[in-house]
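Student: I'm new to this structure and would love a friendly tour. Could we look at it together?

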Amino acid sequence: MTNNLLLIKNARILDPGAGIDETGDILIAEGKISKTGKDITKSGASIIDASGLIVCPGFIDLHCHLRQPGYENKETIASGAAAAARGGYTTICCMPNTNPPLDSAATISYVRELAARDAPRVRILPVGCITAGRAGKELANLTELADAGCVGFSDDGSPVSDTRIMSLAMENTAMLDLPIIDHCEDINLSQGGHMNDGWVAARLGLKGIPAAAEEIMVARDIALCELTGARLHVTHMSTAGSLQLIRAAKKRGLKVTCDVTPHNLTLTHERVMKTQNGAQTLLAYDTNARVNPPLRSPDDIEALIGGIADGTIDAVATDHAPHTAEDKLCEFENAVSGISGFETAFGVLMSLVHSGKIGLNALVTSLTAGPARVLRDKAGTLQTGTRADIVLLDIGHEWTVDVQNFLSKGRNTPFAGCKLKGMVMATISSGQLSWHHSSVRIS
Amino acid sequence: MSLSEPRQGVSTKETMAQPSIDYWKHRHVLDLDDFSREETDLVFEIAEGMVEILDRDVKKVPTLRGKTIATMFFEPSTRTRASFEMAAKYLGADTISLDATRSSVAKGESLVDSLRTLQALEVDAIIMRHNCSGAPYLAAQNLDTSIINAGDGWHAHPSQGLLDIFTMRQQLGDLKGRKAVIVGDILHSRVARSNIWGMRHYGMKLVLCAPPTLIPHGLRDMLEKYSLNHVTIEHNLDAAIENADIVMPLRLQKERQQSGLISSLREYIQGYQINSSRLAGAKPDVLVMHPGPMNEGAEISPDVAYGTRSLIEQQVTNGVAVRMALLYLIAGGKNR
């Protein structure tokens, strides 16, 4: 790629945002998509034979945790970005619950500098805090954060409980025209909860987190969105009730969008107790299935899948939340929440396509054009002239999740050992390969 | 020791001669959900032999001589811990007890690390209590040593469930068609949960009676999921107690009022205290049990607690016998 020319041959080009689904070639020059069509030739170009592969816009993740600064033992911007690239992501939004949190121009700039230095092949977009120190008491300097380059605001993990503070925040973010990326949880109701409130919690003797704890806040913030005119993005939505509220809000024309995680689309609360077979069958109390919001009921999953299929859900976001082994090798009640999600997201989501629950177009939209729309970003398409952020997919490739091979430092996943069908074969970011499978040949 | 030897150790009586150990599949005792009828019966059969030993002047037998049983309690306990330690000592085992509330755990050592230390000391079984539900499962997943759950969070207390049912059988014989009522803080009760599983083999009816705030939200669905049709939930104590053979109030902790789960102790007493006038609706020979520790004057009136219908002292004695049986089955078998 000495002259920055790359030619992808014989791919199924799938760009639902642009309405493209055809077999052909893509020529990339100077980091941009220069031409799409049949039988393109270009002397001097490096060539990837993509026969049998699907080529899509690079994936966009609205919600991940890169842990730097402050928790470099869990993840760094470099390791997180490597994992993201392997997962097909070319643009990722990192949450501000670092230490120190991203509540000042200085910390936002620091993350952007680290990203430019340590992870040049993934576009990392920082999300700023809503409140100072994520404490929910007083607003962060939202304009300053916006000027420093944040793409949205969130106190993720520590929801803003004070309605007045949230209302004030939204008045500001409406002016800035940036979304609130909202972790919806009424902590008075969820306090001390460890998993979904339901029969599994009753069985295991764990305190439940009711669906209402999420839905109350979704309803509140939709009301505030209407009051202030702010852009509201409900992130990692997990219940059928939340979806209903958002569907109704969208129908009323409010600026509400939402995302859901791969694990909330595919695993139920029963996964927490999944028994392990040994000489004696043991309840798992699997801390790798501890996540917030928690894994919910089959009814919730069914509703969420419907939301992807009909487009009510704008995006799938990983909520990639890497942790150390020690963080998880403990009592369920003492375990931290989170799943290391970049490297399994696509394979996990493809199970929904293979089982016929959602179409491939809907899935790809939720990973590309959907999140781009939420961010009002130009990425997420393969149209000529745009940044060459591209992913090559083999939807039939079967593989087994081996956490020992993760590029992320976080090996905390309930999908460890799972057989998945569908794999990211190569990721191209601004025309440069950021990851590729050993079977992909470049000549 | 081998399994053919226990008769010389445990008892010369024939009661101990032929326990059908083949039924016994457990490396650990974590809850009664994975106990078959045969296994539960086996525990009771052996426990009956142990009751006889406890009636002797010299109670000590050499069955577990050379074995070391560790107790590790991450939560304060006097009754259960003393009961297990006496059980181990009567069987001739050496015991070591670690008060985990004061040990390295308090200094930040993880549960798995603490237990690995015990394993390295080559103890034969670890009896553990922990304030977190599922902690003994974490131990069992990461250790080779046998784990006996002496109570984990809100989840399970299998030896208590066994001793409760053992005591009922001792008094009533066949439990088929009998009605037991567990009253009170079901939400936080590992005793109630283990009794739910334990009683399913005996054709009994079990009524769980509490105000709605003290019943886990998912309990009805759980009962349905596992076809635990012997259990019903009832908020009205008079309805629950009608024709009951056994009534078991649970300890009401004072924190429940502070956290708003009950409006006031006064209101709770009016609705749910087990006292003589309340028991009038039950069978005339109704039996009263309590897993302890009691909060006299709260969930139970003193006259009932110490009255003729009370089995509370028998529960304590039987607790030692049942725990001897469990230790015999777990640590007395072939060296694993």
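**A sheet, two domains and a helix crossing**

Tutor: Let's start in chain A of this predicted model. Ile181(A) has a bridge partner in S12(A), namely His233(A).

Student: Over how many bridges do S9(A) and strand S12 pair?

Tutor: S12 of chain A covers residues 232-234, and S9(A) pairs with this strand in the parallel sense. The number of bridges in this pairing is 3.

Student: Which are the edge strands of the open sheet of chain A?

Tutor: The sheet has 4 strands in the order S9-S12-S13-S14, with parallel pairing. An edge strand pairs on one side only, and that leaves the two ends of the order: S9 (180-182) and S14 (315-316) of chain A.

Student: Moving to chain B, which element gives the most to the side of domain 1 that touches domain 2?

Tutor: Domain 1 of chain B consists of 25-157 + 317-331, and domain 2 of 158-314. Their contact takes 26 residues from domain 1 and 23 from domain 2. Helix H2 (37-55), strand S4 (146-152) and H14 of chain B each supply at least two residues of the domain 1 side. With 6 residues, the element giving the most is H14(B).

Student: At roughly what angle do the axes of helix H6 and helix H14 of chain B cross?

Tutor: Residues meeting in this pair include Leu162(B) and Phe166(B) in H6(B), and Val322(B) and Leu326(B) in H14(B). H6(B) passes H14(B) in a right-handed crossing. The axes come within 9 Å, and they cross at roughly 120°.

Key
Residues are numbered from 1 along each chain as its sequence is written. Chains are lettered from A and ligands numbered from 1 in the order in which they are written. This is a predicted model: local features need pLDDT of at least 70, side-chain atom pairs count only at pLDDT 80 or more; totals for chains, interfaces and linings use all residues. Axes are lines fitted to C-alpha atoms, for helices over the stretch in contact, and angles run from 0 to 180 degrees between N-to-C directions. A crossing is left-handed if the near helix is turned anticlockwise from the far one by less than a right angle, and right-handed if clockwise. Two residues are in contact if their C-beta atoms, placed from the backbone, lie within 7 Å. Two strands pair if DSSP finds at least two bridges between them. Domain bounds come from an automatic or database domain assignment.
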